[in-house]
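Reader: I would like to go through this structure by question and answer. Please start with whatever term is needed first.

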Amino acid sequence: MSTESAAAEVAEPEAPQAGAEPGAAPEAGPEPEAAAAPDEAAGPGAEEPDVEGEPDGTAGDSADDTGGTDTTAGADDTAAGADGTTADADDTTADADGADSEAGEAGQAGALSEAEAELAAQRELRQRIEERKAARNGPLEAGTKLQGTAADLLAAVRAVESGEKPVASAFQDPGPVAPRRPAPEPVRRPAPVTPAAPAEPAREAVAAVAAVLTEGGAPTALAPRAAAVLGEGADGLLREDPWQLLRVPGVRPEQADGFARALLGDGCGPGDERRGRALVVWLLEQAALAGHTALDTAALTAALGQRAVPDPDEAVRSAVAEGDVLVFQDALDDAPQAAPAPAPAAEGTGDEEEAAPPVRVLFGLERYALAEESLADGLARVLNTLPKDEGPGPDAEAWEAAASEVSGSAAELIRAVAAHGLVLHTGGEAARSEPAALVTAARSLGLRVCAATHTADGRRRLARRLDADGVSGTAGASGAADASGTDSGSGADVAVTVAGLLSGQQGPGRDAEGALALDLLVVLDAPQLDVETAAVLVESLPDGARLVLSGDPGVLWSAGPGRVFADLLAARACPQVVSRTPDPGPIGELVSGIGVGELTEVAAPDKEVVIVPVRDAADAIHRTVQLVADSVPRALGVPPEHTQVLTPGHGGAAGTRALNAALKERLNPGPGRFGGFDPGDRVAYAPAPGRTALGHVVRADAEGLHLECDGTPVVVPKERVEQSVRHAWAVTAHQAAGRRWPAAVVVLPGDAAGVLTRPWVYSAFSRADRHLSVVQGVAQALPQAVAERPAKERTTRLRTLLRPQPEAG
C-alpha cells in the first residue's frame, strides 16, 4: 500500500506502465486511490482495474499493490495542497466525456442507469453554459476563449511574447478585480430525454488510428478509445501531434514520448512546444482526479520541470495562448491588510496610487472553471430570489408555528430556512433527524419538498425517519397526502438519491422550463457533492426555491473535483446551523473525539467498540475473517452479510483484494467461473465514473453477470465485468461514503500508517451503527494521524467566487 501523497494522486493516476520506447506493451501500474475511472484508468494489460471511477477523486487514500510510494518525477510538486484524505483508490471521478462512450453498456438492457443519465445532465449543463457565453460575447477568434481578468492576462502574455512588455511587469501588475454580480436567470429549456449510448467510432476511423498506433509502437487496443476522444481525423491529428495521445485516459507521458519518438524521430525532444502544451493539460487533468479544480503557477511549473520540460513558463503561456487552458486572477483569502507604504511623493506630483490588491494566478481546464462559475452564479440566484413575505407560500407566522412544534437545532433550522434561500446544516448521523423535521414542517405548510441523499442506503434511512415523523417517505406515482392531509402535488418520492433526482428516475420531475418542480430541496451527505454535480443540481432549481445543504464536515470530501460544502462553510455567505444533537453511545463518543483530533478510550460495556491488535498483515487477515465469520455473529448476533470490512487501499498485503479473497474463501467458496465471481458473492459495481453500488451476484449466463444492487436488478455484459465489478466484503472508506452497517471491521495493517488521516479514520469508524472492531496494526500511527493529519487543502476557486469582490477604483 503506498503512502498517501498529493503528488501520486495528481501526477500519477493508475495507468498502464508501458516503457517509453516504441513497442513496449503497457503493464499494470500502481493503484493510487485517486485513480481514473475503472474502464479508463487501466490501460491495455492492466491486471485488475479499480471499481469506482471515484476518487469518488480525487483524493487521497493512495494505495498501490507493492506497498511503495510512487516516486515518478513531479509527484511531489504537481498539486501542492491536494486533498490526500478524500478519496480511495477507485474513488476518482474520471472525465465524464471519456466515459460517455461506454455509458449504455452497463446495467439493464434497454435502459440507462441513474449515473449515466446524470452524466447526460452534466453534459447538458455544460452545453447550456457554453451557449449562454457564446450569446453574450459573440463570435470569438481562435485562442480567445477568455474573458474579464483572464482575457487581460492573456493580453499580457502576448505582450511578453512580442517584446512589448517584460515578464515581471506583465504578471505583477494585474488590473482591478471587477465586482461580481449575481447571474441573471438563465433561459431554461425542457429537460432532455436521456439519450441513447453514443455511437462508437466508425470501423474505418478506428482502423486508421490503429495503423498510426502500430507505426508508433503503441497498443492497438487504444484505437477505439483514441478515435472516440480525438474525434474525426484522429489519425491525422496523432501524426501531426503525437502527444495528443495523452488525451486518451490511461496514457502516461512516458508512453506518449515513446510514441512521438517513433513517429517523428529526431524531430522531437523534451522541449517540443506540442509536448509542453499537452503536458500542461494532462497535469491539470491529474489535478482534477486529486480533487483540484485549478493549480497555481508554482505547482504547475514545478510539475512541468519534473517532467523534463526545459521552459515550464513558456509551456504554460503556449497552452493559454492556444485556449487549451484558462488563467484566473483571484484575490488572496489571507492577504495582509496593507503593505508597507512607499516614501510619500512630493506634494502636487500626482504620483499617489492605490496599491493593487494581491492576487494569485491560477490555471484550470474550462470544464471545471465553467462548473465552478455556474455553481457560484446559481447559488447567488438562490440567495437573491427568495419570495417576499407578501408573495405566495407560507408567511412568517406559519413558519414560526411550524418551528414551535419542534425544539433545539431542528427549530433553529426551520427558522433559518423560513428567512433565507440557502442554509447550511452540519451534524452527524443523529443530526439527520433535523433535516427530516424540516421536511415534515415544510410539507405541512403545503410546500413541494424533496430530500436527496448520496446513496440508496442513505435514502432508506431518511425514509424511515420521515415515516417516524408521519411523512410518507415514498409517495405513490399518483401522488399522496402527508400526515397533515396536504397533498404532495408532484406524485414523486420525498426521499431520493442525488443521482436519481438529476436523472429524472426519482423525485418530482421538471416543469415546462426544465427546472425541478420544487419549493424546497434538502441535500444530505452534502460533503460528497463534487463541483459538477453541485452545479447541475443548483442549475436545476427554479427561482424562489430554497436549498438546504446538510452534512458532516468531518468525513472525507467528495470523490470528484472540488470541495463544495467546505468552501461554502468557509465563505460564510449564508446562515449555518450547527446541530447540537450528538451521536449516541460509545461509537458516537469515539467518533466525536476523532472529529476534534482526539483518540480517546471509551467505555463499551456491550462490546460496542473492540480493539484487536495484530502483528502483521497475515495476522490482520486471519483476525478479520474470524471477526466477520464467527466472533461478531456469535457475540452480537450480527450476521456476516450485515458486517462491512473497511481498509485504506486496494493493494498491499492486507488491502481489499487480499481481504476479499480470504473472506470469499470462508463465506462463499466457489470456482469463480464467471470472471472470478459466483452466485452469492458480495460485489461493488461501478456503472459510471464516480458512482458505486453495492450488492451481490445473483447468477451468470450468456447475457452477462446478473447482480442485485441496492434492491435493483442489474445485468453487466461479460466484457464489462472485469472493468466494473469487484468483490466487496471489504471496501475502501470512500466506497462506503453515505452508507452505514450494523457492524464494521476497520483493518489498519502496518503498511497503512502513512495513508491514515483524521478524515479517513473519522469516516471509517462512523460507518458502524451498533459495533466497531478495529484491527490495529499501526500502533501509535493511529492517534498521530487523528491528532496531526487533518484534511489537505484542495485548490479551488468557489470560495473566492462566492466572496463579494471589491469595487474597481
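Author: Two strands count as paired if DSSP finds at least two bridges between them. The model discussed here is predicted.

Reader: How many bridges join strand β4 to strand β8?

Author: Strand β4 covers residues 422-426 and strand β8 covers residues 546-551. The two run parallel. Pairing needs at least two bridges, and the number joining β4 to β8 is five.

Reader: Which residue in β8 stands opposite His-425?

Author: β4 and β8 are joined in parallel. Opposite His-425, in β8, stands Ser-550.

Reader: What is the order of the strands in the open sheet of six?

Author: The pairing in this sheet is parallel. Neighbouring strands are turned against each other by 20 degrees on average, direction ignored. The order is β6-β5-β7-β8-β4-β9.

Reader: Why is one side of β6 and of β9 left without a neighbour in the sheet?

Author: β6 spans 495-497 and β9 spans 576-578. Both stand at the edges of the sheet. One side of each lacks a neighbour because each has a single partner strand.

Reader: What angle does the direction of helix α17 make with that of β7?

Author: Helix α17, residues 433-444, packs on the six-stranded sheet. The helix touches β4, β5, β7 and β8. Its direction and that of β7 make an angle of about 165 degrees.

Reader: How many residues of α17 are buried?

Author: A residue is buried if its relative accessible area is under 20%. Among the residues of α17 that meet this are Glu-434, Leu-438 and Arg-443. The helix is mostly covered, and of its twelve residues the number buried is ten.

Reader: What distance does α17 reach from its first C-alpha to its last?

Author: The helix has twelve residues. At 1.5 Å a residue, the expected value is 16 Å. The model comes close to that, with 17 Å.

Reader: Which residue just after α17 takes a positive phi?

Author: The phi in question is about 85 degrees. The residue is Gly-446.

Reader: At what angle to β4 does helix α21 run?

Author: Helix α21 comprises residues 564-571. It lies across β4, β8 and β9. Its angle to β4 is about 105 degrees.

Reader: Is Thr-426 buried or exposed?

Author: Thr-426 lies in strand β4. Residues touched by Thr-426 include Gly-551, Phe-565, Leu-569 and Val-577. Its relative accessibility is 11%, and the cut-off for burial is under 20%. Thr-426 therefore counts as buried.

Reader: Is Gly-504 buried or exposed?

Author: Gly-504 has its place in the loop between α19 and β7. Its C-alpha is separated by 9.3 Å from that of Leu-516, twelve residues apart along the chain. The relative accessibility of Gly-504 is 53%, and the cut-off for the upper class is over 50%. Gly-504 therefore counts as exposed.

Reader: Where is Ala-308 found?

Author: Most residues other than glycine have a negative phi. Ala-308 has a positive value, near 65 degrees. At 44% relative accessibility, Ala-308 counts as partly exposed. Its place is the loop between α12 and α13.

Reader: What is the phi of Lys-607?

Author: Lys-607 lies in the loop between α22 and β10. Its phi is positive, in a residue other than glycine. The value is near 60 degrees.

Reader: How many residues of strand β18 are buried?

Author: β18, residues 741-748, has eight residues. The strand is largely enclosed by the rest of the structure. The number of its residues that are buried is seven.

Reader: In β19, which residue is the bridge partner of Val-746?

Author: Seven bridges join β18 to β19, and the two strands run parallel. With helix α26, they make a right-handed β-α-β unit. In β19, the partner of Val-746 is Val-774.

Reader: In β18, which residue is the bridge partner of Val-645?

Author: Strand β11, residues 643-646, is joined to β18 by four bridges. These two strands run parallel. The partner of Val-645 in β18 is Val-745.

Reader: Which residue in β3 stands opposite Asp-296?

Author: An open sheet of three strands has the order β1-β3-β2, with antiparallel pairing. Its edge strands are β1 and β2. β1 and β3 pair over two bridges. Opposite Asp-296, in β3, stands Leu-362.

Notes:
Residues are numbered from 1 along each chain as its sequence is written. This is a predicted model: local features need pLDDT of at least 70, side-chain atom pairs count only at pLDDT 80 or more; totals for chains, interfaces and linings use all residues. Side-chain values use heavy atoms; hydrogens and water are left out. Axes are lines fitted to C-alpha atoms, for helices over the stretch in contact, and angles run from 0 to 180 degrees between N-to-C directions. Contact means heavy atoms within 4.5 Å. The expected span of a helix is 1.5 Å times one less than its number of residues. Buried means under 20% relative accessible area, exposed over 50%, partly exposed in between (1.4 Å probe, protein chains only). A crossover is right-handed if, with the strands pointing away from the viewer, the path from the first strand over the helix to the second runs clockwise. Lists of a residue's contacts leave out its neighbours within four places in sequence.
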